[in-house]
Amino acid sequence: MGPSPRPSPAYPPPNWPPLRPLLPAADLRLETLVPDQIYLIRNFLPASLCKTYASFLASLPLTTTPGKPKKDEAVRVNDRFQVEDARFAEMLWSGTAMKELATTRFGEDEYDEYDEGATLPSPEELARRAQEVWGGEPLGLNPNIRIYRYSAGQFFAQHYDESNSLTFLPSTATKSTPARTTWTLLIYLTTCGGGETVFYPEPTRADRNPEPISVAPEIGMALFHRHGDHCMLHEGKEVTSGEKWVLRSDLVVPR
Ligand SMILES: O=C(O)CCC(=O)C(=O)O
Ligand SMILES: [Fe+2]
């Protein structure tokens, strides 16, 4: 099971450092790691900003997971902070290159190797394909923002992430939309020893013993993976040195 939603603690939204500087969208791309399952944006946040964030986040009241998880809850040993912040979720989505990369530029990396003359599908066609993969037209990110800090010895045992229903109300809108989450978003703010996010594909007829897919945290890298019914079993490996900082949210589409 993924981390279950908890009643939000009474924290006011933190005074997040501005999401600046950022790399221009033109210098970034959505990279397909496993089609329909895992996509990456390397350098989504530059190293200098990640550093600013890690020290800022260290000032928040993170709480260590109780040693004994509730029934059906994944064994997770890390320090965590959770807050509802629609404004920050929206900044991450449309105040960065994320929205553009995930919508009108979705899938463009498939055409990288084509001849010079090859024409890219139109933005409309790419947006249509994006909707197929994301499970609808993305509305933005889940305002339920989670911060994890794993120190040496901490980890997140194998589990599946669940889809959650929510009422989506962007900070700039007045009308809310019945919505659901379809993909997990992890943004790695540091590197560390160990701490890989490892995915375990289901065996198929064609491949009875698929290799696990191991993603080592890279500073500023964003990772999307499908969750809900088609979530791959995955885990956060034990950190062996340094600290692993992760910002977690989810992609939200209309229900
Ligand atoms: O920290 C990681 O690498 C994995 C986190 C995770 O699986 C989750 O937030 O559900
Ligand atoms: Fe997970």
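How many residues does helix H4 have, and what does the helix reach from its first C-alpha to its last?

1. Helix H4. This is a predicted model. H4 covers residues 123–134, has 12 residues and reaches 16 Å from its first C-alpha to its last. That span is close to the 16 Å expected at 1.5 Å a residue. Just after H4 comes Gly 135, with a positive phi of about 90°.

2. Annotated domain. The unreviewed UniProt entry places the feature "domain: Fe2OG dioxygenase" at residues 140–254. Over residues 140–254 the model is 0% helix and 54% strand. The end C-alpha atoms of this stretch are 10 Å apart.

3. Surroundings of ligand 1. There are 12 residues around ligand 1. Those that come nearest are Phe 156, Asp 161, Thr 197, Gly 236 and Arg 248. By class, the shell divides into 5 nonpolar, 5 polar and 2 charged residues.

4. Strands that supply the shell. Three strands each give at least two residues to the shell around ligand 1: S10 (177–188), S15 (233–236) and S17 (244–254). S15 also appears in the next points, as a pairing partner of S12.

5. Faces of strand S12. S12 runs over residues 197–200. Thr 197 and Phe 199 make up its covered face, whereas Val 198 and Tyr 200 make up the uncovered one. Thr 197, on the covered face, is also among the residues that come nearest to ligand 1.

6. Partners of strand S12. Which strands pair with S12 in the antiparallel sense? One is S13 (residues 213–215), over 3 bridges. Another is S15, over 4 bridges. Val 198 of the uncovered face stands opposite Ser 214 in S13 and opposite Glu 235 in S15.

7. Strands S3, S5 and S7. S5 (residues 79–84) is joined to S3 (residues 63–64) by 2 bridges, and these strands run antiparallel. S5 is also joined to S7 (residues 144–150), by 6 bridges and again antiparallel. Arg 80 of S5 takes part on both sides: Thr 63 stands opposite this arginine, and Arg 80 stands opposite Tyr 148 in S7.

Note on methods:
Residues numbered from 1 in each chain as written. Chains lettered and ligands numbered in written order. Predicted model: local features only at pLDDT ≥ 70, side-chain atom pairs only at ≥ 80, totals over all residues. Near = placed C-beta within 6 Å. Nonpolar A, V, L, I, M, F, W, Y, C, P; charged D, E, K, R; others polar. UniProt positions renumbered as here; feature names shortened; annotations may be inferred. Buried ≥ 20, exposed ≤ 12 C-beta atoms within 10 Å, placed from the backbone. Pairing = 2+ DSSP bridges. Expected span 1.5 Å × (residues − 1).
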